[in-house]
Amino acid sequence: MASLVDAFEALAPDTLDTLCALYADDARFKDPFNDVRGQAALRGIFAHMFQALDAPRFEVRDVVVQDDQCFLTWDFRFRMKRFDRGEQTIHGGTHLRFGADGRIALHRDYWDAAEELYEKLPVVGALMRWLKRRAGT
């Protein structure tokens with residue numbers, strides 16, 4: 001499991017092939033914005049991350065392994081290219097299920113897009129925070 005964590009934490013444009021090799025050919029990846037199958041689609045998502053964000057990186061906090069699956073908690077740190085808001089952090093988790101060959105067959109990310117991302121955007125964030133306050137009353 002240490003090599004898997006290392007691959008996520010060392011993720012960079014020039015290490016995408018190393019990370020993708022850990023996935024089954026038809027692996028499924030799902031997060032709040034994507035639901036794709038296959039190494040090429042997965043590689044595209046991670047490549048887009050490096051195009052859209054400055055200095056994106058994962059810091060894995062916890063690893064829980066049971067049989068053919070594991071759950072990771074992480075902090076995703078980055079700076080937005082389009083907005084000068086300083087470093088941002090998204091707290092989330094990943095459920096991984098491994099195939100018979102030991103490669104990742106399912107990668108499912110869980111994080112709150114409203115709280116962790118939308119509230120931090122200049123215009124949308126103000127609206128999200130207002131809606132959150134109104135819902136709490």
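## Exercises on strands β3, β4 and β5

Strands β3 and β4 form a hairpin with 2 residues between them, and Asp 67 in the turn has a positive phi of about 50°. The model is predicted.

**Exercise 1.** Work out how strands β3 and β4 pair, and find the residue that stands opposite Arg 57.

Solution.
- Step 1: Strand β3 covers residues 53-66, and strand β4 covers residues 69-80.
- Step 2: The two strands pair in the antiparallel sense, over 11 bridges.
- Step 3: Arg 57 stands opposite Arg 77 in β4.

**Exercise 2.** Determine how β4 is joined to strand β5, and name the bridge partner of Phe 76.

Solution.
- Step 1: Strand β5 consists of residues 87-98.
- Step 2: β4 and β5 run antiparallel and are joined by 11 bridges.
- Step 3: Within β5, Ile 90 is the bridge partner of Phe 76.

**Exercise 3.** Decide whether Arg 77 is buried or exposed, then list contacts of its side chain.

Solution.
- Step 1: Residues under 20% relative accessible area count as buried. Arg 77 has 18% relative accessibility, so Arg 77 is buried.
- Step 2: The side chain of Arg 77 meets that of Glu 59 in a salt bridge, at 2.9 Å from N to O. Since Arg 77 lies in strand β4 and Glu 59 in strand β3, the pair ties together parts that are 18 residues apart in sequence.
- Step 3: Arg 77 also forms a salt bridge with Asp 75, where the closest N and O atoms are 3.5 Å apart. Asp 75 is buried, because its relative accessible area is 9%.
- Step 4: A polar contact of 2.8 Å links the side chains of Arg 77 and Thr 89. Thr 89 belongs to strand β5 and is buried, given its relative accessibility of 15%.

**Exercise 4.** Place the salt bridges of Arg 77 in their wider setting, and set beside them the salt bridge of Arg 103.

Solution.
- Step 1: The whole structure contains 12 salt bridges.
- Step 2: Arg 77 takes part in a network of salt bridges that links Arg 57, Glu 59, Arg 61, Asp 75, Arg 77 and Glu 87.
- Step 3: Arg 103 forms a salt bridge with Asp 101, and the closest N and O atoms are 2.8 Å apart.
- Step 4: Arg 103 is partly exposed, at a relative accessible area of 26%. Asp 101 has a relative accessible area of 52%, so Asp 101 counts as exposed.

**Exercise 5.** State how many disulfides the structure holds, and decide whether Cys 20 and Cys 70 are buried or exposed.

Solution.
- Step 1: A disulfide is a covalent bond between the sulfur atoms of two cysteines. The structure holds 0 disulfides.
- Step 2: Cys 20 has a relative accessible area of 5%, so Cys 20 is buried.
- Step 3: Cys 70 is buried as well, because its relative accessible area is 2%.

**Exercise 6.** Identify the residues that form a nonpolar patch on the surface with Val 65, and give the accessibility class of Val 65.

Solution.
- Step 1: Val 65 is located in strand β3.
- Step 2: Val 65 forms the patch with Met 1 and Val 63, and together these residues have about 230 Å² of accessible area.
- Step 3: The partly exposed class lies between the 20% and 50% cut-offs. Val 65 has 48% relative accessibility, so Val 65 is partly exposed.

Note on methods: Residues numbered from 1 in each chain as written. Predicted model: local features only at pLDDT ≥ 70, side-chain atom pairs only at ≥ 80, totals over all residues. Heavy atoms only, no water. Patch = residues over 30% accessible without salt bridge, like charges linked within 9 Å, V, L, I, M, F, W, Y side chains within 5 Å. Areas by Shrake-Rupley, 256 points an atom, 1.4 Å probe, with all protein chains shown as cover. Salt bridge = Lys/Arg side-chain N within 4 Å of Asp/Glu carboxyl O. Helix = DSSP H or I, 4+ residues; strand = E, 2+ residues; numbered from the N terminus. Buried < 20%, exposed > 50% of the residue type's maximum accessible area, 1.4 Å probe, protein only. Disulfide = S-S within 2.5 Å. Pairing = 2+ DSSP bridges. Polar contact = N/O pair within 3.5 Å; in protein donor to acceptor, adjacent residues only side chain to side chain.
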